[in-house]
Amino acid sequence: MNEEINKLVALQELDSEISGFDRNVRDRKQELADREQSIADKEESIAQLKEKITSLEQQKREAKAEHDDAQTRIKERQNKMMQVQTSREHQALLKEIEDSKRIIKEKEEQLLLLSEQLKINKGNIDELQNLCKGEKKLLTETNTKVEKEVKKLLSKRDGIEGKREQLSSDLRPNILKRYNLILKKRGGAGIVKIISGVCQGCFMTVPPQQFNEIRKGDKLHICPTCNRMLYFKEEQEETCDA
Ligand SMILES: [Zn+2]
């Protein structure tokens, strides 16, 4: 392989390492973002449950008031009963008492149901608050850990970036420019291996004549499909030439 191809391959190795660090840093930060989101989602659910509880408590107060009103009404009607003269008046009072008794029964059932719902919702809040507490604690710990890890990763990355600059200054500017352009356009792979005539960047076969040329390793070749630079390394495959 000629010297320039060798250097490009070395440069690619550094670039792959750098993008590995970038991916790592991104993943770690994503992990934090996911944890924060999970806490925010739970806090949102807690807020909604609290609103629900406020509304249930309001309904409970209303039901209780109607229940008490009905009780008062019964007492009043029972007192009136002593004074009525006609059977018609008596019947009317009895009906009012019956209606009030029915309302009391309805309201008692409603109050029981509302109390159950309140209990369930309060239980859910407790559970979510507990989870939130645990997750927040874990987030703080993870934050510190990730901060340290990212710092370490970035410092290692800086070292490699330094090596990269050094190596870059050894390459002809037009070659470096082309390599950098492909690197950017083709997902971090500027120069790739060719194995058995197949470009390892796009997995398309190059024409046999070109493959033979690439195997000689004396000139830089470009994949006709993906435009990545190609190199051949003898030890990668068994000699297929007879
Ligand atoms: Zn290709």
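The centres of domain 1 and domain 2, taken over C-alpha atoms, lie 66 Å apart in this predicted model. Domain 1 covers residues 23-155, and domain 2 covers residues 173-236. The C-alpha trace of the protein spans about 125 × 40 × 30 Å along its principal axes.

In secondary structure, the protein has 4 helices and 4 strands, and from the N terminus on these follow the order α-α-α-β-β-α-β-β. The radius of gyration is 39 Å, well over the 18 Å that the globule rule gives for 242 residues, so the protein is more spread out than a compact globule. Buried residues make up 11% of the 242 residues. Among contacts with a separation of 6 or more, 73% are between residues 24 or more positions apart.

One place to look at such contacts is H67, which sits in helix α1. Which residues does H67 touch, leaving aside its neighbours within four places in sequence? They are I104, K107, E108 and L111. K107 is 40 residues from H67 along the chain, yet the C-alpha atoms of the two are separated by 5.7 Å. Is H67 buried or exposed? With 18 other C-beta atoms within 10 Å, H67 is partly exposed; a residue counts as buried at 20 or more such atoms, so H67 does not reach that cut-off.

The strands come next. The 4 strands form an open sheet with mixed pairing, in the order β2-β1-β4-β3. The edges are held by β2 (198-199) and β3 (221-222), each with a single partner strand, so one side of each is left without a neighbour in the sheet. Strands of a sheet pair through backbone hydrogen bonds, either parallel or antiparallel. Between β1 and β2 the direction is antiparallel, and 2 bridges join them. One residue to inspect here is I195, whose bridge partner in β2 is V198.

The largest nonpolar core has 17 residues, and Y179, I194 and L230 are those with the most contacts inside it. At least two residues of this core come from each of α1 (3-81), α3 (173-185), β1 (191-195) and β4 (229-231). What does L230 touch, not counting residues up to four places away in sequence? Its contacts are V192, I194, C199, I214, H221, I222 and C223. I194, one of these contacts, is also among the residues with the most contacts inside the core.

Definitions and conventions
Residues are numbered from 1 along each chain as its sequence is written. This is a predicted model: local features need pLDDT of at least 70, side-chain atom pairs count only at pLDDT 80 or more; totals for chains, interfaces and linings use all residues. A nonpolar core is a set of buried Ala, Val, Leu, Ile, Met, Phe, Trp, Tyr and Cys residues joined through C-beta atoms within 7 Å. A residue is buried if 20 or more other C-beta atoms lie within 10 Å of its own, exposed if 12 or fewer, and partly exposed in between; C-beta atoms are placed from the backbone. Two residues are in contact if their C-beta atoms, placed from the backbone, lie within 7 Å. The radius of gyration is taken over C-alpha atoms; the globule rule is 2.2 Å times the number of residues to the power 0.38. Domain bounds come from an automatic or database domain assignment. Two strands pair if DSSP finds at least two bridges between them.
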